[in-house]
Amino acid sequence: MIKPDRLFTIIAASFAVAYVLFRFWGLTDSCLWFDEIFGVHAAEMPVGDMLWFVAQDLIHPPLFYLLLKGWMGVGGESLFWLRSFSVFWSIAALAPFLFLCKELKLSYTARLIALAFLATNGALIKYAQEVRMYGPLLFLSLVSMWLFARFFYRGKNIWILTLVNVLLVYTHYFGWFVVASEVLAILLMQRIKIRHVLIMLGILIASYVPWIWALAQASGTGADVRQNIGWIEKPGLRALFDFAFDVVEPFYSQQTSIDPKTILIVAVPLLIAVAAAKLSYFANWKKPDDHTSFIVLSIFATLPLVLAMIASWIFPVSIWGTRHLIIVFPAMFLVIGIMFDAVEFKPLKMVLIALTLLMFCVGFGYRVNASRPEMIWCAWERQVKSIPADVPQTVYVFEDLVAYHMWFAVRDSLNVQIVKVNGIPEMQEDKAYFLPRGFDAVKTVGPDEMSGDRFWVAFRDMQWNEKHPPINILLAEGYRLGQPREINSGGLKSFLVEASK
């Protein structure tokens, strides 16, 4: 008979191995995309230039870029190494997650259920594979919650917690919501310690003054955050349902706007299982059990959501987004684990756990059999690299997204110049993407400034059509067009064609 401690260790170790493998699964299937390119671009700069470049972007503090710069200094800029940066932090997050479970004295069943959700969650896998700040954000938020639990239950580590929280809020602005959760938990449940927490809060605010000053300086140059996130819709009931699906969805996460938001046949049964466990838990709330850990975790799981929703409606722009709110995922999984474990009717408990595991398997099956079409931004990288660079070449493009991707792909080439053409009404572009502020390596011109005896034109369309711009413009100007190079990507086609007089 295997002892419970040993059995738990074996199962938890198996889940941890699966957690790691899932984050390396398909890691390099796609090229870097716009936001990842911005991070690598910033990290390539000298530190002083990088800090000003990031400040002008407004929407993220600088610690991630400094960490990425060090990572690139160690291992270079291969796609696998860059993506491994986020994977490293996501794997490191396992340690504080397990330490938090131990500090809260959760049952083995609750820990394993929470760990299973953590290992398989589609959104966490997605953001663990992007060269962005979400890996460090997840790690530091979990370290903060673990150290807070030690302070809450033992009165220890407040100064270490303060230091970690400084790093957290310099990694992502939503780190402040984790701090707010800690303040609220103390205010509601242990007011005797409020002085320590307020001192911590004061230190955090004081430490943030230099960055606030940098942002004020950047805003003075005309930078407007509405250009960055003005496209985000203000959250409503649909956004809450989408978020709930993101929390429970195993393996799947929406990659592009044309993909379904969720796999309903998987997510709906999981939501029903969680709802049943929740009803059972609150039906037995009045029993003489200690609900302290549940309440503390519920604060971490819900307060950031409430604050993000309120801020999204009060501010001129919405700040809502699953990627920012992954800070609440671990606490939510632990709450789910506690509720599942507390189901007293054993047949119901076994059915809920079995249904959850079955849906994880179904989700895994969908992931294995899903096709991964080439993203349109990867097509631009391939297209521009196909241009002979033995002589100077000019490539005219019509979208900032295309310009930035192409520039990044050939940034070390002295012979290929990317030029962005503005002012063609029929050619719409995605306003969520724009050339970084303070970046002048891509020249912008008007349609009448496309000139030269020979140059290249890159654009996207549903099909090659000589009545559509920019082809009709070039033909009207007397240019001859060569054989277009065409790549089909997710329903759209990227075209690269040479124009000559």
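This report describes selected features of a predicted model, going from its aromatic rings to its charged pairs, one helix, one strand residue and a surface patch.

## Aromatic pairs

Across the whole structure, a search finds 50 aromatic pairs. One of them is formed by F22 and F251, whose rings meet edge-to-face, with 4.8 Å from centre to centre and 85° between the planes. This pair links distant parts of the chain, since F22 belongs to helix α1 (residues 4-24) while F251 sits in the loop between α14 (237-248) and α15 (264-283), and the two are 229 residues apart. Both F22 and F251 are buried.

A further pair is made by Y127 and Y134, whose ring centres are 5.4 Å apart and whose planes stand at 65°, so this pair too is edge-to-face. Y127 and Y134 are both buried. Ring pairs also join a set of residues into a cluster, which consists of F38, F53, F64, Y65, W71, W81, F85, F88, W89 and F139.

## Charges over rings

Rings in this model also have charged side chains placed over them, and two cases can be described. R411 lies over the face of F408, at a distance of 3.7 Å from the ring centre, and the charged end of K501 sits over the ring of Y479, 4.4 Å from the centre of that ring. R411 also takes part in a network of salt bridges, in which it is linked with E44 and E77.

## Salt bridges

The structure holds 15 salt bridges. In one of these, the side chains of R154 and E103 meet at 2.8 Å, taken from N to O. Because R154 lies in helix α9 (residues 134-154) and E103 in helix α6 (residues 94-103), the pair ties together parts of the chain that are 51 residues apart in sequence. As for their surroundings, R154 has a relative accessible area of 45% and is therefore partly exposed, whereas E103, at 7% relative accessibility, counts as buried.

Another salt bridge joins the side chains of D400 and K420, again with 2.8 Å from N to O. D400 lies in helix α20 (residues 400-409) and K420 in strand β2 (residues 416-421), so this pair ties a helix to a strand across 20 residues of sequence. D400 is buried, with a relative accessible area of 13%, and K420 is buried as well, with a relative accessible area of 2%. A further salt bridge brings together the side chains of E486 and K493, at 3.2 Å from N to O. In this pair E486 counts as partly exposed at 44% relative accessibility, and K493 is likewise partly exposed, its relative accessible area being 22%.

## Helix α3 and its surroundings

Helix α3 spans residues 47-57, and its buried residues are M50, F53, V54, A55, Q56 and D57. These buried residues pack against several other helices, namely α2 (34-43), α4 (63-75), α12 (194-219) and α13 (225-229). One of the buried residues of α3, F53, is also a member of the ring cluster that includes F38, F64 and W71. Just after α3, the backbone at L58 takes a positive phi of about 75°.

## V421 in strand β2

V421 has its place in strand β2, the strand that also contains K420. With a relative accessible area of 3%, V421 is buried. Leaving aside residues up to four places away in sequence, V421 touches Y396, V397, F398, V445, G446, P447 and M450. By contrast, V421 and L198 are 53 Å apart in space, from C-alpha to C-alpha, and 223 residues apart in sequence.

## A nonpolar patch on the surface

The surface carries a nonpolar patch of about 390 Å², which is made by V306, I310, I314 and F315. I310 is found in helix α16, which covers residues 292-314, and at 44% relative accessibility I310 counts as partly exposed. An α-helix has 3.6 residues a turn, so residues three or four places apart point the same way. This spacing is a useful background for viewing the patch members V306, I310 and I314 together on the structure.

Methods: Residues numbered from 1 in each chain as written. Predicted model: local features only at pLDDT ≥ 70, side-chain atom pairs only at ≥ 80, totals over all residues. Heavy atoms only, no water. Patch = residues over 30% accessible without salt bridge, like charges linked within 9 Å, V, L, I, M, F, W, Y side chains within 5 Å. Areas by Shrake-Rupley, 256 points an atom, 1.4 Å probe, with all protein chains shown as cover. Salt bridge = Lys/Arg side-chain N within 4 Å of Asp/Glu carboxyl O. Helix = DSSP H or I, 4+ residues; strand = E, 2+ residues; numbered from the N terminus. Buried < 20%, exposed > 50% of the residue type's maximum accessible area, 1.4 Å probe, protein only. Phe/Tyr/Trp six-rings, centres within 6.5 Å; stacked < 30°, edge-to-face > 60°. Lys NZ or Arg CZ within 6 Å of the ring centre and 35° of its normal. Contact = heavy atoms within 4.5 Å.
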